[in-house]
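Colleague: Please take a close look at the empty spaces in this model. I'd like to hear what lines them and which parts of the chain supply the walls.

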Amino acid sequence: MKGRVFNFNAGPAVLPLPVLEKAREELLNYGGCGMSVMEMSHRSKEFEEILSRTEASLRRILRIPDDYAVLFLQGGASLQFSMIPMNLYLKGQPVEIIHSGSWTEKAIAEHKKLCEYKIVASSESEKFLRLPSWQGVAFNPNASYVYMCSNNTIFGTQFREFPDTGNVPLVADMSSDILSRAIDVSRFGLIFAGAQKNLGPSGVTLVIIRKDLVERAAKELPTMLQYRIHVKNNSLYNTPPTFGIYVCGLVLDWIEAEGGLPAIEKRNDEKARILYEAIDASGLFYGPVEKNSRSRMNVVFRVKGDNEDLEKKFVSEAAAAGLAGLKGHRSVGGLRASIYNAHPVEGVRALVDFMKEFERKNG
Ligand SMILES: *Cc1c(COP(=O)(O)O)cnc(C)c1O
């Protein structure tokens, strides 16, 4: 579509064009009700229908079992770093954490304030350029839960497998790879994700929680911070992010129209393969992440010798050529192409062509 760029932003990130078009089409008058979704009551029949349809789509796509609740909350993925220990920590039963980068670092900082915990695996000594291994970790059967992040948005690593934690609930931050592949929800106690990478616009936080865990928290916790309250009220205790939930629903419709997670995952594999092959074949660029740890969502790469001037030039010339958002996270520098579900294969091909041309001129 004219004027739109290939968007490699890490989040908020690209949305499927048909979703934006549908939202535009319905913007002023949703379903003939005479107003925008932004203007309607969250208690209206129309919005209740949007909410229940969105939840039903998500349950179908991810095959979420009936003993799990689905919540659409606010506060971002970052509020979950606190809500999780507040609600799920059991006194005297330290949380076990798999530490894989900046986002688990932030979660650890909140756990430090709220509960006892133990880091059972970490790749910090390898600068998080590979995934920590839990081979040989004897998980404590009395831990309150095991905490991990499935895809490390900043360092560009992604777990392909999840640990078997027995009866101890596994809690996963899936902010940057939710709905990018099929997962077995029943292996998790809680899954959460900020919507703005793979699910919709910012302002919505998805929480999928096994219902029995909801009752762990003290009723003295602030009302808005209790999962119990949000489950009991079906995400309608207070005004939820109505327009954001509506757009998430459109994204879920798009995923189903594309063929569901098997088709999405196949395309994600293809995009990552094309890009990593180009990086590995390049004389100018390299991928700093250990090969088996590489993310299919956030492809981190650098100019050889970590030449920052050349990286800067790459980012600005790419942007001028219609390839936006290729700067690495400010904390690590370098380059990063986020190629979430909605990013088209053509965008990845255009990036690879641009890299070759850049190498020819600057290599
Ligand atoms: C983006 C991101 C977050 C932070 O999300 P907010 O909604 O900004 O709080 C947390 N975890 C991961 C893995 C992320 O990619």
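Modeller: Here goes: pockets first, then cavities, then a few bits of chain worth checking while you have the structure open.

Some housekeeping: this is a predicted model, where local features need pLDDT of at least 70 and side-chain atom pairs count only at pLDDT 80 or more, while totals for chains, interfaces and linings use all residues. Numbering runs from 1 along each chain as its sequence is written, and side-chain values use heavy atoms, with hydrogens and water left out.

On terms, the search uses a 1 Å grid over the protein atoms alone: a cavity is a set of points where a 1.4 Å probe fits but cannot get out, a pocket is an open set with protein on both sides within 12 Å along at least five of seven lines, and lining residues have an atom within 4 Å of a point. Points are joined across faces, edges and corners, and a volume is the space filled by probe spheres set on them.

The largest pocket comes out at about 400 Å³. Its lining has 18 residues, and Trp103, Ile154, His329, Arg330 and Arg336 are the ones nearest its centre. Both domain 1 (18-257) and domain 2 (260-362) give residues to that lining, so the pocket lies between them; the bounds come from an automatic or database domain assignment. Helix H4 (residues 102-114) gives the most, with three residues. Helices (H or I, at least four residues) and strands (E, at least two) are DSSP runs, numbered from the N terminus. By class, this lining has four nonpolar, nine polar and five charged residues. Here Ala, Val, Leu, Ile, Met, Phe, Trp, Tyr, Cys and Pro count as nonpolar, Asp, Glu, Lys and Arg as charged, and the others, Gly among them, as polar.

The second largest pocket holds about 330 Å³. It is lined by 18 residues, with Phe6, Val14, Leu17, Ala342 and Pro344 nearest the centre. Strand S1 (6-7) and helix H9 (345-362) each put in at least two residues. The class count here is eleven nonpolar, three polar and four charged. While you're at that end of the chain, look at the loop between S1 and helix H1 (17-25), where Pro12 sits: the peptide bond from Gly11 to Pro12 is cis, with omega near -10°.

Now the closed spaces. There are two cavities of 30 Å³ or more. The largest cavity is about 70 Å³ in volume. Of its 14 lining residues, Val14, Leu15, Lys197, Asn198 and Leu199 lie nearest the centre, and Val14 is also one of those nearest the centre of the second largest pocket. Each of domain 1 and domain 2 supplies at least three residues of this cavity's lining. Nine of the lining residues are nonpolar, four polar and one charged.

The second largest cavity has about 40 Å³. Its walls include Leu62, Ser150, Phe162 and Met174, along with residues such as Asp177, Ile178, Leu179 and Arg181. That lining splits into six nonpolar, two polar and two charged residues.

Away from the spaces, helix H6 (residues 242-257) deserves a glance. Twelve of its 16 residues are buried, so H6 is largely enclosed by the rest of the structure; buried means under 20% relative accessible area, exposed over 50%, and partly exposed in between (1.4 Å probe, protein chains only). The buried set includes Tyr246, Cys248 and Trp254. Its end C-alpha atoms are 23 Å apart, which agrees with the 22 Å that 16 residues should span, the expected span being 1.5 Å times one less than the number of residues.

What about disulfides? The whole structure has zero, a disulfide being a pair of cysteine sulfur atoms within 2.5 Å. For Cys248 the nearest cysteine sulfur is that of Cys149, 19 Å away, and Cys248 itself is buried at 0% relative accessibility.

Last, two backbone oddities. Phe128 has a positive phi of about 60° although it is not a glycine; Phe128 is in the loop between strand S4 (117-122) and strand S5 (146-149) and is buried, at 7%. Asn234, not a glycine either, has a positive phi of about 50°. You'll find Asn234 in the loop between helix H5 (227-232) and H6, and at 36% relative accessibility Asn234 counts as partly exposed.
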